[in-house]
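Colleague: Could you take a close look at a single part of this model and walk me through it from end to end? I am in my first year, so please spell out the cut-offs.

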Amino acid sequence: TVTVLMTDLEGFTRSSEKLEPADLMRWLNEYMDIMVPVVEKHDGLVDGYWGDAIKADFGAPEPRATPEEIDADAVAAVRCALDMGEEMKRLIQDWRKRGFPAVRMRIGINTGPVVMGSQGSAARLKYTSMGDTVNVAARLEAFDKESFEAEKDPLACRVLVSESTRRRLGPSFVVEDLGPHGLKGKGEAIHIYRVRGETSASPGEPG
């Protein structure tokens, strides 16, 4: 059981088409250089990049033995997402000064069972997580993009979590209940929550 975190940048394809190849790679690598250490600081394992997207697992490579450990992974993933949002604010302001696209970030987080292992061919293997838990995290990240694009806060970072993650967070976070929604490829509706921040007196551990 792991907590999967997926990120994506708003309007990346549209923005990247306006950049020269060298500037595009510089812009993208600056983003990765800042975000990957944040994931590692929270004991996450980065296992994939797709253009501007980052995928990270919390609870790997060693399988968790207790519910308390799984809870701690969920808390770590959400704290990581909020820290990424703070770093993104600084990065957006810097990009504006230098003429780079000032795109915002969306994050989806889901907790559940996965298959983890080395995937690929004899020539090249990649250690990764697979399964429905990963798919739901990706769907949460991409959920209702249009509403996020319409938000006026130029520094906003949207963090959406599933019910399976939210119930492991205890009182540590301020969450907004967005209700159940159908997600692509899912037969049943998924209850979605938006994390707005940590509580002012976070206990440091899930309740």
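Modeller: What follows is about one helix, α2, and its surroundings. This is a predicted model, in which local features need pLDDT of at least 70, side-chain atom pairs count only at pLDDT 80 or more, and totals for chains, interfaces and linings use all residues. Residues are numbered from 1 along each chain as its sequence is written, and side-chain values use heavy atoms, with hydrogens and water left out.

Helix α2 covers residues 21-41, which makes 21 residues. Helices (H or I, at least four residues) and strands (E, at least two) are DSSP runs, numbered from the N terminus. At 1.5 Å a residue (times one less than the number of residues), α2 should span 30 Å, and its end C-alpha atoms lie 31 Å apart, so the two values agree. Just after α2 comes Asp43, which takes a positive phi of about 65°.

Next, the side of α2 that is covered. The buried residues of α2 (under 20% relative accessible area; exposed is over 50%, partly exposed in between, with a 1.4 Å probe and protein chains only) are Leu24, Trp27, Leu28, Glu30, Tyr31, Met32, Met35, Val36, Val38 and Val39. Glu30 is thus listed among the buried residues of the helix. Taken together, the buried residues of α2 pack (heavy atoms within 4.5 Å) against two other helices, α1 (12-16) and α3. They also pack against the strands β1 (2-9), β2 (45-50), β3 (53-58) and β4 (105-112).

Pro37 also lies in helix α2. Pro37 has 43% relative accessibility and therefore counts as partly exposed. From Pro37 to Val161 it is 124 residues in sequence and 22 Å in space, C-alpha to C-alpha.

That leaves Trp27, which takes part in a ring pair. A pair of aromatic rings is described by the distance of the centres and the angle of the planes. Rings of Phe, Tyr and Trp (its six-membered ring) pair if their centres lie within 6.5 Å; planes under 30 degrees apart count as stacked, over 60 as edge-to-face and the rest as tilted. By this rule the model holds 1 aromatic pair. The ring centres of Trp27 and Trp95 are 5.5 Å apart and their planes stand at 55°, so this pair is tilted. The two residues come from distant parts of the chain, with Trp27 in helix α2 and Trp95 in helix α3, 68 residues apart. Both Trp27 and Trp95 are buried.
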